[in-house]
Amino acid sequence: GSVVSRLPLCSLSRLTLCRPVLAMLRAPRGYSGASQGDPGKDVLEMPLPPWKERPNESLDTKRARLLYESRKRGMLENCILLSLFAKENLSRMDERQLNLYDQLINVPSNDWDIYYWATEAKPTPAVFDNEVMAMLKELAKNKKKEQRLRQPDLEYLFESTN
């Protein structure tokens, strides 16, 4: 369907939040293997399905899906960065923040963009420049100088919080 047909999915109070994301959906999403300066002769173009909001998804299901998607990125740098972010933040994020994170990791078609924004190597586009991105940027600064060579184990999911 067209972008216009997606507008009724947004309530009036969420229209302001949805408008920038919906504007991004106008352009077809895809992955290009071309690098900077590459003329693209041997580029593999793979279309990606458009991101869709999941308004009926429970928060537990959303957290589980986002945890999985944070760990399975296709590039090690983001697997480590986003899985650490998920471990530290997903359990305490509210629905609005989870939706912002969902859009951040699923709307851009290039994982390098997410990495460059998080590490502040490139400016973050306004549509993703929000409190969740600020949290991700703070984690990426690694102020405690932790050794981050692999994703966190998943045992923390089964630990008692008592």
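**Buried polar residues and the nonpolar core**

At a relative accessibility of 5%, Asn89 counts as buried, because the cut-off for burial is under 20% relative accessible area. Asn89 has its place in helix 4, and its side chain is joined to that of Arg92 by a polar contact of 2.8 Å. These values, like those that follow, were computed from a predicted model.

The protein holds seven helices and two strands. Read along the sequence, these elements follow the pattern α-α-β-β-α-α-α-α-α. Of the 162 residues in the protein, 37% are buried. Among contacts between residues at least 6 apart in sequence, 58% join residues at least 24 apart. The accessible surface comes to about 10500 Å², and carbon and sulfur atoms account for 53% of that surface.

Helix 3 spans residues 59-71 and has 13 residues. From its first C-alpha to its last, helix 3 reaches 18 Å, close to the 18 Å expected at 1.5 Å a residue. The buried residues of this helix are Lys62, Arg63, Arg65, Leu66, Leu67, Glu69, Ser70 and Arg71. In an α-helix there are 3.6 residues a turn, so residues three or four places apart point the same way. The cover over the buried residues of helix 3 includes helix 4 (76-89) and helix 5 (95-106).

A second buried polar residue, Ser70, lies in helix 3. The relative accessible area of Ser70 is 0%, and Ser70 is therefore buried. Its side chain reaches the backbone oxygen of Leu66 at 2.6 Å. When neighbours within four places in sequence are left aside, Ser70 is in contact with Asn78, Cys79, Leu82, Ser83, Ala86, Tyr101 and Ile105.

The largest nonpolar core has 25 residues. Within this core, Phe85, Leu90, Met93, Tyr101, Leu104 and Leu136 touch the most other members. Two or more residues are given to the core by each of helix 3, helix 4, helix 5, helix 6 (111-118) and helix 7 (131-141). Helix 4 gives the most, with six residues. Tyr101 was examined further: with residues up to four places away in sequence not counted, Tyr101 touches Leu66, Ser70, Leu82, Phe85, Leu90, Met93 and Val132. Among these, Phe85, Leu90 and Met93 are also named with Tyr101 as the core residues that touch the most other members. The contact between Tyr101 and Ser70 links this core residue to the buried serine of helix 3.

Aromatic pairs were considered next. The structure holds five such pairs. Ring pairs link Trp112, Tyr115 and Tyr116 into a cluster.

One backbone feature concerns Glu120, which lies in the loop between helix 6 and helix 7. Most residues other than glycine have a negative phi. The phi of Glu120, by contrast, is near 60°, a positive value in a residue other than glycine. Glu120 has a relative accessible area of 46% and is therefore partly exposed, whereas Asn89 in helix 4 and Ser70 in helix 3 are buried, at 5% and 0% respectively.

Methods:
Residues are numbered from 1 along each chain as its sequence is written. This is a predicted model: local features need pLDDT of at least 70, side-chain atom pairs count only at pLDDT 80 or more; totals for chains, interfaces and linings use all residues. Side-chain values use heavy atoms; hydrogens and water are left out. Helices (H or I, at least four residues) and strands (E, at least two) are DSSP runs, numbered from the N terminus. The expected span of a helix is 1.5 Å times one less than its number of residues. Buried means under 20% relative accessible area, exposed over 50%, partly exposed in between (1.4 Å probe, protein chains only). Contact means heavy atoms within 4.5 Å. A nonpolar core is a set of buried Ala, Val, Leu, Ile, Met, Phe, Trp, Tyr and Cys residues joined through side-chain atoms within 4.5 Å. A polar contact is a pair of N or O atoms within 3.5 Å; within protein, one must be able to donate a hydrogen and the other to accept it, and residues adjacent in sequence count only if both atoms are side-chain atoms. Rings of Phe, Tyr and Trp (its six-membered ring) pair if their centres lie within 6.5 Å; planes under 30 degrees apart count as stacked, over 60 as edge-to-face and the rest as tilted. Accessible areas come from the Shrake-Rupley method with a 1.4 Å probe; for residues, only the protein chains shown count as cover.
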